[in-house]
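Reader: Please choose one part of this structure and look at it closely, keeping to what the coordinates support. I would like the packing described contact by contact, with each term explained as it comes up.

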Amino acid sequence: MNPAYEALLEKSREQIAFLKRQLKYLSRFDIKNFDHIVAAFHDEVFADIDCLDCANCCRVNGPVFLDTDIRQVCKQVGLDRESFVQDSLQINPEGGWRLREPGCQFLASDNRCSIYDDRPKHCQSYPHTHERRMAKGLERLVQTCGVCPAAYLIALKIIERFAQGNTK
Ligand code: SF4
Ligand code: SF4
């Protein structure tokens, strides 16, 4: 991983209590245009972050698969659905399926996704900062900050923008 991204993740872990407190506080407010504001922060941050220099989410988390994702991926790579589920997946407590072991088997050595065009929806929307009802996703963002350097930078932008209760 790019050393600058590693440094961001280390800072994020050091600041976890601060991030948790601030984002939990903001999740109580119904902030006007909040989704659009966060989506703009997402775009700004990802203009400077190269996921091919990182791939930490694929290495640490891997995807959440819905049934449609499993069908699509198995079709794409020629796997038998039942064997794939039995050999590689376990039920995800929050819904769908996740890998039994950390580290996605579809991640290539050059950090590319070998099933990029058919990757699960969860991968497509990660780190989930370009979504609707973002206020409800702020607590999840705290966890994501420990894995994704971009999520950490987005969280800092949110906190800076709405610091000191400036929720108008
Ligand atoms: S499916 Fe592709 S994008 Fe998703 S975690 Fe695996 S390597 Fe990463
Ligand atoms: S989404 Fe985040 S964790 Fe995943 S590769 Fe991009 S910067 Fe890294």
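Author: H3 passes H9 in a right-handed crossing (left-handed if the near helix is turned anticlockwise from the far one by less than a right angle, right-handed if clockwise). This is a predicted model, where local features need pLDDT of at least 70 and side-chain atom pairs pLDDT 80 or more, while totals for chains, interfaces and linings use all residues. Residues are numbered from 1 along each chain as written, chains are lettered from A and ligands numbered from 1 in written order, and side-chain values use heavy atoms, without hydrogens or water. The helices are DSSP runs (H or I, at least four residues), numbered from the N terminus.

H9, the helix of residues 149–161, is the part I have chosen. Its axis lies 9 Å from that of H3, at an angle of about 135 degrees (lines fitted to C-alpha atoms over the stretch in contact, with angles from 0 to 180 degrees between N-to-C directions). That angle makes H3 oblique to H9 (under 35 degrees is roughly parallel, over 145 roughly antiparallel, 65 to 115 roughly perpendicular, the rest oblique). From H3, Phe34, Ile37, Val38, Phe41, His42, Glu44, Val45 and Phe46 make contact (heavy atoms within 4.5 Å) with Ala150, Leu153, Ile154, Lys157, Ile158 and Arg161 of H9. This contact has 10 nonpolar, one polar and three charged residues (Ala, Val, Leu, Ile, Met, Phe, Trp, Tyr, Cys and Pro are nonpolar, Asp, Glu, Lys and Arg charged, the others, Gly among them, polar).

H8, residues 138–145, also meets H9, the two axes coming within 8 Å and crossing at roughly 135 degrees. H8 and H9 are therefore oblique to each other, but their crossing is left-handed. Here Leu138, Leu141, Thr144 and Cys145 of H8 face Ala151, Tyr152, Ala155 and Ile158 of H9, a set with seven nonpolar residues, one polar and no charged. Ile158 thus takes part in the contacts of H9 with both H3 and H8.

A further neighbour is H1, residues 3–14, whose axis comes within 9 Å of that of H9 and crosses it at roughly 55 degrees. H1 and H9 are therefore oblique as well, and this crossing is left-handed. Tyr5, Leu8, Leu9, Lys11 and Ser12 of H1 touch Pro149, Tyr152 and Leu153 of H9, giving six nonpolar, one polar and one charged residues. Tyr152 therefore recurs, serving the contacts with both H8 and H1.

Just beyond H9 there is an aromatic pair (ring centres of Phe, Tyr or the six-membered ring of Trp within 6.5 Å; planes under 30 degrees apart are stacked, over 60 edge-to-face, the rest tilted). Phe34 and Phe162 form this tilted pair, 5.5 Å from centre to centre with 55 degrees between the planes. Phe34 belongs to H3 (residues 34–46) and Phe162 to the segment after H9, so that the pair spans 128 residues.

Some details lie outside H9 itself. Ligand 2 is surrounded by Ile49, Cys51, Cys54, Ala55, Cys57, Tyr126, Val147 and Cys148 (a heavy atom within 4 Å), a shell of eight nonpolar, no polar and no charged residues. Among them, Ala55, in the loop between H3 and H4, has a positive phi of about 65 degrees although it is not a glycine. Tyr126 is joined to Pro127 by a cis peptide bond with omega about 5 degrees, and Pro127 is found in the loop between H7 and H8.

How values were computed: Helices (H or I, at least four residues) and strands (E, at least two) are DSSP runs, numbered from the N terminus.
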